[in-house]
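User: Please take a close look at one part of this model and then carry on to another, giving the cut-offs as you go.

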Amino acid sequence: MGFLSDSQKGAGDGSGGGKQCSLACGFKGLIRRKQVDSIHSKSSGTGHHQLAKELSVPHLIAIGVGSTIGAGVYILVGTVAREHAGPALTLSFLIAGIAAALSAFCYAELASRCPSAGSAYHYSYICVGEGVAWLIGWALILEYTIGGSAVARGISPNLALLFGGPDSLPAFLARHSIPGLGVVVDPCAAILVVVVTGLLCVGIKESTVAQAIVTIANVCAMIFVIIAGGYLGFKTGWAGYELPVGYFPFGADGMLAGAATVFFAYIGFDSVASTAEEVKNPQRDLPLGIGAALSICCSLYMLVSIVIVGLVPYYAMDPDTPISSAFASHGMQWAAYIITAGATTALCSTLMGSILPQPRILMAMARDGLLPSFFSDVNKRTQVPIKSTVITGIVAATLAFFMDVAELAGMVSVGTLLAFTMVAISVLILRYVPPEEVPVPSSLQASIDSVALLYSSSSSTKDVEGHNPKDSIASDTESTKLLLGKVDESVVYPLIPKQAACILNENRRKIAGWTIMFTCVGVLLLTGSASTIGLSSFFRFTVCGLGGVLLLSGLVVLTCIDQDDARHSFGHTGGFICPFVPLLPIACILINVYLLINLGVNMWLTDLEIRAHTLWSVDSAVLMSYYVFYDNRQSCYLDSRVYMVTGRSFSLRFLRTNPQLTEKCSLCAGSTCGGNISQLRKFSALDGRRIAFSEEAVVCLEY
């Protein structure tokens with residue numbers, strides 16, 4: 001892809017400075033961004049096998065629905081109705097679904113533009129920077145690991161109920177307590193994780209078909225609840241809705257509090273984005289898969305809540321088994337078996353959805369040099385990252401066997417909300433300040449590489465056998481034919497208007513960048529002050545007002561200024577475009593940050609969760625140190641940059657530089673840029689030239 005420098009080779013020719021990276025260089029790498037297609041180039045160029053492109057819209061819907069609808073909905077209905085929403089539970093699910101749809105719109109655009117493994121990690125690396133992407137990657141890995149282990153430990157009690165009671169499982173599957181240690185081991189959970197891991201190693205299509213079968217069984221159980229419950233409701237007169245307190249017993253605040261709680265029932269559709277590299281037609285199928293999965297989940301949630309809240313008054317619901325007890329109160333005790341079977345299949349499909357994305361995130365990080373290359377290996381036969389999958393399964397099975405991670409399950413949502421927030425910010429960056437580092441078009445790549453190879457082979461001497469390297473470069477017209485395949489008609493533009501347009505565009509980008517940053521700060525101040533009730537009223541309202549002003553000002557400014565034209569050519573075009581930008585991404589950021597802050601406050605309340613957060617913080621500190629002192633030096637993008645400024649017709653020129661980049665520029669004889677790459681970039685942006693350079697050579701595509 002363009003001219004990409006090999007920093008390690010280049011370092012060997014210099015004074016060794018490339019082999020040692022100072023701490024300052026390490027922190028500077030936090031904002032380093034990669035090219036949108038660099039993973040594809042790297043994979044194809046190094047002989048790595050690609051993931052199998054086997055998935056279509058039905059497969060993506062199965063992954064999305066199966067990962068989203070867990071057993072929690074079978075319990076969440078009773079808890080939220082009793083404590084928050086009452087009969088307005090259906091509206092709570094609707095509001096939460098709309099809030100989740102905001103994130104889904106952002107995921108749909110980025111997934112279709114950047115269809116590569118890694119999901120939110122990949123998008124953050126392209127749009128925000130390496131440091132943030134590294135944190136998001138590990139947050140997602142921890143989220144899926146803890147979530148998968150918690151789900152696995154929840155399956156064995158439901159299986160026991162299907163077989164007759166808590167002690168009905170065989171001895172080798174039942175839970176056992178280790179005397180003296182206070183540890184309850186769960187062999188059934190570990191075995192299930194191992195089975196799911198083996199299934200994922202067989203192939204993406206096979207594992208997705210298995211998940212689809214399990215998901216269909218779960219959906220059938222929910223449809224049974226809707227149809228049978230609806231029949232009972234019409235037969236008995238919907239007693240749950242004929243209450244003197246009305247439809248909103250807890251008011252609008254209770255309905256919104258219920259929406260904030262049930263929002264987490266929609267987490268899981270982001271698993272679809274992690275399989276982007278394995279989709280046959282990602283520009284079409286990924287948005288359809290994400291949207292359809294979320295729509296199905298929202299519809300099922302609302303219909304189930306309508307039926308259950310109507311069968312039993314909200315204050316009489318059993319908080320542990322609301323659906324089973326609602327049917328039992330109408331003489332249908334046998335329905336508990338169908339509901340338990342649905343909960344079991346829901347947990348199994350969620351377990352598969354939790355383990356599926358982890359190997360792909362590990363693979364993406366390893367491809368970028370942030371993890372050892374061991375994790376990026378793809379099996380030649382199954383076209384699946386088997387090594388990453390096996391390691392993921394071993395870790396999850398160990399946690400599920402020894403640890404009761406249910407207390408840490410709430411922390412799973414932290415990683416998801418962080419990812420949702422960064423994806424929304426990435427959409428704003430893509431629209432207003434898309435990265436200047438973009439790939440050289442594939443139509444030019446072969447021509448540039450061939451001429452570069454000729455140049456590099458003849459540049460050791462000024463004249464070899466009477467051949468001057470400059471003579472190897474074609475004339476302007478021939479170079480244009482070589483690069484573009486046809487000669488574009490020359491168009492002469494006045495220099496001053498062109499410079500003015502470039503300067504105005506640069507100013508617009510700066511304004512947009514600062515506005516996005518201040519908008520995020522405003523969101524943080526507004527949500528933080530609104531959620532912290534322990535502060536004094538004056539200070540709280542002052543900070544809240546300041547945050548509101550920054551948020552509204554940012555929304556107004558971004559609405560008034562034009563979006564960057566480079567967004568049209570960013571990544572893979574022709575896919576889904578997120579509507580209502582900047583309003584939709586900013587609303588998404590506001591909702592996710594508010595939920596994140598409130599979730600964090602609630603999770604700090606108990607001593608156990610304080611210890612959990614301490615462990616989380618220690619792990620984060622260790623991982624950050626690992627990044628600064630190892631990963632940051634191993635990044636594949638230390639010196640890989642391709643800068644391009646748009647133009648129409650081009651002639652090929654070469655500027656030869658040494659690793660210190662001290663020679664004169666052949667385009668301006670050193671009068672403007674002095675041979676310095678950073679100044680050459682600025683010079684080319686002002687006068688309309690396009691440049692693509694590496695540490696060893698600079699290709700100037702002159703306007």
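Analyst: In this predicted model, the largest cavity (grid points 1 Å apart over the protein atoms alone, where a 1.4 Å probe fits but cannot get out) is lined by Ile 63, Leu 200, Ile 204, Ser 207, Thr 208, Gln 211, Met 352 and Leu 356, lining residues having an atom within 4 Å of a point. Four of these residues, the largest share of the lining, belong to helix α10, residues 204-236 (helices are DSSP runs of H or I, at least four residues, numbered from the N terminus). By class, the lining holds five nonpolar residues, three polar and no charged (Asp, Glu, Lys and Arg count as charged; Ala, Val, Leu, Ile, Met, Phe, Trp, Tyr, Cys and Pro as nonpolar; the others as polar). The space in this largest cavity is about 30 Å³, filled by probe spheres set on points joined across faces, edges and corners, and one cavity of 30 Å³ or more is found in the whole structure.

Turning to a helix pair, α8 (residues 130-162) packs against α17 (residues 386-402) at about 45°, their axes, which are lines fitted to C-alpha atoms over the stretch in contact, lying 8 Å apart. The two helices are therefore oblique to each other (neither under 35 degrees, nor over 145, nor 65 to 115). To their contact (heavy atoms within 4.5 Å), α8 brings Thr 145, Ser 149, Ala 152 and Arg 153, while α17 brings Val 395, Ala 396, Leu 399, Ala 400, Phe 401 and Phe 402. Seven of these contact residues are nonpolar, two polar and one charged.

Residues are numbered from 1 along each chain as its sequence is written. Local features need pLDDT of at least 70 and side-chain atom pairs 80 or more, totals for chains, interfaces and linings use all residues, and side-chain values use heavy atoms, leaving out hydrogens and water.

Methods. Axes fitted to C-alpha atoms, helices over the stretch in contact; angles between N-to-C directions. 1 Å grid on protein atoms, 1.4 Å probe; cavity = no way out; pocket = protein on both sides within 12 Å on 5 of 7 lines; lining within 4 Å.
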